[in-house]
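Colleague: I am new to this model and would like a close look at one part of it, the surroundings of the ligand. Please start with the whole and then go on from that site to the rest.

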Amino acid sequence: MSKRPFYITTPIYYPSDNLHIGHAYCTTLADSIARYKRLAGYDVLFVTGSDEHGQKIQRKAAEKGMTPLAYVDGIVANFQKLWRQLGVSNDDFIRTSEARHHEVVQHIFQQIYEQGDIYKSEYAGLYCTPCETFWLERQLVDGKCPDCGRPVETVKEESYFFRMSKYEARWLQYIEEHPDFIQPASRRNEMINFVKQGLEDLCVSRTTFDWGIKVPFDQKHVVYVWFDALVNYLTAAGYLDNKEKFNHYWPADIHLVGKEIVRFHSIIWPIMLMAMGIEIPKMVYGHGWLIVEGDKMSKSKGNVIDPTLLIEEFGADAIRYFLLKEIALGADGNFSRDALITRINADLANDLGNLLHRTVSMINRFNGGVIKKGGPSEPVDLELSALAGKTVAAYEAGMEKLEINAVLKDVWALISRANKYIDETGPWALAKDPAKKERLDTVLYHLAETLRIVAILVSPFIPHTAPKVLAQLGLAADQPLALNEAKIWGVLPEGTTVVSKAEAIFPRIEVVTEAAEAAKPEKKEKTAKAEAAAPVEKAAPAEEEAPAVSIDEFARMDLRVAKVLAAEKVEKTEKLLKLTVDLGTEQRTIVSGIALHYAPEELVGRNVVMIVNLKPAKIRGIESRGMVLAASSPDGKLTLVAAPDMAPGSRVK
Ligand code: MSP
C-alpha cells in the first residue's frame with residue numbers, strides 16, 4: 001500500500017426500482033475518475049452500492065407481497081449486472097442490509113447518543129417518503145416536497161434527534177476554512193445560505209415501520225435511512241473491521257453525488273463526522289441531472305430511459321462517451337437519441353475509428369503490417385508529436401480539476417490533427433516512390449504512436465475500446481496502462497506488427513427514417529442500425545437476398561470499367577467524394593459515399609467498376625451520373641470492386 005491513496009464514492013442507490021440512464025451517468029463519471037486515478041498511479045478505492053432500508057422500500061415490497069429483503073435482492077442483482085455491462089470498475093459494492101454495515105451504524109448511533117448529541121423527543125411534522133426527507137411547513141413549495149414535487153405526509157411519532165443545531169457555527173467555520181469542500185461553488189453558496197437560516201436538530205429514528213437498522217439501545221426504533229446510508233462510506237473503508245485499510249483510505253477524496261443530495265452530504269454528513277471526531281472528506285461534488293428531451297425523467301411521464309437497452313443497442317463505450325462528452329460536470333444535460341447517434345458517428349466512428357482503420361490498413365498495405373520508426377522528423381511530424389505532448393499535459397491538469405468534457409475535447413483535437421496529418425503527408429503517394437520509403441515509415445510511425453497515446457488517454461472513459469486500439473496496433477492489450485507511458489513519445493517499438501485486417505471499432509449508425517422503414521417489406525423495430533459502409537447509393541444488405549431478376553433485367557444495367565482521373569472531398573460532408581472518371585469515350589462526374597474508406601489521393605489512377613445508366617441524381621448540388629460499385633462487409637469495411645488491367649469503358653457482365 002505504498003501508492004498514494006484515492007477514495008471515491010457514488011451515492012448508494014435506492015433499490016426501489018431498476019436504475020435509469022441518470023443513475024448510469026453518475027456511476028460512469030465516478031468510474032472514469034477512478035480509472036483515471038489508477039492510470040495516474042494512485043491506489044484507488046472506488047465504492048458504489050445500494051441503500052436498501054426505509055419506508056419507501058418497505059411499502060414497495062409489501063405491494064408486491066414480498067419481504068423487503070427478497071424484493072431488494074432481485075433489484076440489487078440488476079444493479080450489479082448493469083455496472084458490469086457498463087464496465088464499472090468498483091472495488092466494493094456495499095449493501096446497507098449487510099451485517100458489516102449494521103455494526104458500524106449501531107456503533108456510531110450508540111457513541112453519539114452516549115456523548116449526549118442524540119436525545120429522545122417527539123417528531124411532529126412532514127415527511128416525503130419517496131425522498132425519505134423531513135420537511136418544515138415553510139420549506140414546502142405549493143404544499144409539496146420541494147425536491148420531487150410529490151405530496152408529503154404528516155407524521156407524529158416518538159423519535160431520537162441528532163443535535164445538529166449545536167454544530168452550526170462549527171460547520172460554517174469549517175466551510176469557510178475549506179473552500180473546496182463543496183463543489184461546484186454555486187452549490188457551496190446554496191448550502192451556506194441554507195445553514196444560515198438556522199440548523200434544526202434532525203430526526204434520526206422512526207417507529208412506524210421496521211425495515212431498517214435497529215437503534216441499539218431501543219429496539220422499537222429503526223435508524224433514519226439517511227443516517228444509516230451516509231455511514232456506508234465509513235463501512236466500505238473498513239472503519240470497524242479493518243483499521244489499517246481505513247487509515248490508508250480515509251478521509252474520502254470525493255463523494256460524487258447528484259445536486260439534490262448535496263445537502264445531506266455537505267451538511268448532515270460532516271456534522272455526523274464532527275460529532276464522532278472523524279476527519280471530514282475532502283470534497284463533495286454535486287453533478288447536474290440528465291434530462292430527457294428537456295424533461296425530468298419520471299415513470300408517470302413514461303420517459304425513463306433504460307441503460308441496459310441502450311448498451312445492448314449501441315455498446316457500453318458509446319453510451320459512456322456520450323454521457324461524459326455531452327454534459328458539463330455540474331450542469332444539467334440533455335439526453336436524446338439523435339444526439340447520441342450524432343456523437344457516435346462523428347467522434348467515435350469517424351474520428352477515432354477512421355484514424356485507426358486508415359493507419360492499420362496503410363501499415364498492412366504499404367509495409368506488410370510492420371511498424372518501422374523511419375528517418376528524421378519533418379516539421380509536420382514534430383507538430384503532431386508536440387501536440388501529443390501538450391495534450392497529455394492538458395489532460396492531466398484537466399482531470400485533476402475534473403474537467404472531463406474539456407479533456408475529451410483536447411484528446412479529440414489530437415485525433416483530428418492526426419487525421420489531417422494523413423491528408424497532409426499523403427502516404428499513398430509516398431508508397432508509390434521507393435525512394436520515399438523511409439519517409440513513409442516515419443509518417444506511419446507517427447500515426448501509430450499517436451494512436452498508442454490516444455488509447456492510454458481514452459482508457460478511463462471508454463475502457464473497452466482502449467485495448468481494442470492497442471490490439472489493432474499489435475500491442476499488449478491486457479496489461480494495466482500507465483499515464484506515464486503516454487508522456488513519452490517513441491515508446492512504440494520498431495518491428496511491432498499490426499493485426500492483418502483493420503477492424504471498424506465503431507460501426508456507423510444509420511438513422512432509418514420511418515418513411516424508409518415503412519417502404520420495406522418487413523418493418524423492423526429499431527430506428528437505427530450499424531451501417532456497413534455509408535455509400536450514398538445503398539445496396540441490399542448481404543444477408544438479405546434480393547428478389548430474383550431475369551437475365552434481361554440484369555442486362556439493362558450498363559456496367560463499365562472507369563478510370564479515376566480526379567477525386568476530392570465534397571465540402572461539409574463526411575463521407576462523400578466527387579470523382580471525375582474516364583469511360584473511354586467520355587469523362588463523367590460522380591459523387592460516391594466512400595470518403596471514410598478511401599482518401600482522394602488513393603483513388604486517382606485507379607480502375608473502378610460503375611453502373612453508367614443509373615438515373616442522374618443531384619447530390620449536394622453536384623450532378624452525379626453513375627455509381628461506383630463496392631463490396632461491404634458486416635463490420636463496416638468497404639472495398640471497391642476492381643478491374644485493374646481493363647481499358648476504361650470495358651463492359652462488365
Ligand atoms: N439513496 C440515496 C443516496 C444515498 S447516498 C448515501 C438516493 N438514491 S437515489 O437512487 O434516489 O439517487 C441516487 C443518485 O442518482 C443521486 O445522486 C441522484 O442525483 C442521481 N440521479 C437520479 N436521477 C438522476 C438524473 N436524471 N440525472 C443524474 N443523476 C440522477 O438519493
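Modeller: The secondary structure of the protein comes to 21 helices and 27 strands, both taken as DSSP runs numbered from the N terminus (helices H or I, at least four residues; strands E, at least two). This is a predicted model, in which local features need pLDDT of at least 70 and side-chain atom pairs count only at pLDDT 80 or more, while totals for chains, interfaces and linings use all residues. Residues are numbered from 1 along each chain as its sequence is written, and side-chain values use heavy atoms, with hydrogens and water left out. Along the principal axes, the C-alpha atoms occupy a box of roughly 100 × 60 × 40 Å. Of the 653 residues in the protein, 54% are buried; buried stands for under 20% relative accessible area, exposed for over 50%, and partly exposed for what lies in between (1.4 Å probe, protein chains only).

Now the ligand. It is surrounded by 23 residues, and the closest are I12, D51, G258, E260 and L290; a residue counts here if one of its heavy atoms lies within 4 Å of the ligand. At least two residues of this shell come from each of β1 (5-13), α1 (21-39), α7 (225-230), α8 (232-236) and β12 (254-258). Sorted by class, the shell holds 13 nonpolar, eight polar and two charged residues. In that count Ala, Val, Leu, Ile, Met, Phe, Trp, Tyr, Cys and Pro are nonpolar, Asp, Glu, Lys and Arg are charged, and the others, Gly among them, are polar.

Several polar contacts (pairs of N or O atoms within 3.5 Å; within protein, one must be able to donate a hydrogen and the other to accept it, and residues adjacent in sequence count only if both atoms are side-chain atoms) can be named. L290 places a polar backbone atom 2.8 Å from a nitrogen atom of the ligand. Y14 also takes part through its backbone, where a polar atom is 3.1 Å from a ligand oxygen. W289 uses its side chain instead: an N or O atom there is 3.5 Å from an oxygen atom of the ligand. The ligand taken alone exposes 670 Å², and the protein buries 92% of that (Shrake-Rupley areas with a 1.4 Å probe; for residues, only the protein chains shown count as cover).

β12 supplies shell residues, and the loop between α9 (243-249) and β12 contains P251. The peptide bond from W250 to P251 is cis, with omega near 5 degrees. Another cis bond runs from Q183 to P184, with omega near -5 degrees; P184 sits in the loop between β7 (182-183) and α6 (185-196).

Two other loops hold residues with positive phi. E132 lies between β4 (118-128) and β5 (133-135), and its phi is near 50 degrees, although it is not a glycine. At 1% relative accessible area, E132 is buried. D142, in the loop between β5 and β6 (153-162), is also a residue other than glycine with phi near 50 degrees. D142, however, has 75% relative accessibility and counts as exposed.

Next come the helices. In α5 (residues 168-177) the buried residues are W171, Y174 and I175. Viewed down the axis of α5, these buried residues fall within an arc of 95 degrees, so they line one face of the helix; the arc is that of the directions from the helix axis to the C-beta atoms. A169, E176 and E177 are the exposed residues on the face turned away from the buried side.

Helix α14 (residues 379-400) has 22 residues, which at 1.5 Å a residue should span 32 Å, and its end C-alpha atoms are indeed 32 Å apart; the expected span is 1.5 Å times one less than the number of residues. The buried residues of α14 include V380, D381, L384, S385 and A388. Down the axis of α14, its buried residues stay within an arc of 150 degrees, so they line one face. P379 and K390 are exposed on the other side of α14.

Last, α17 (residues 437-458) contains T442, which is buried at 2% relative accessibility. The T442 side chain comes to 2.8 Å from the backbone nitrogen of G375.
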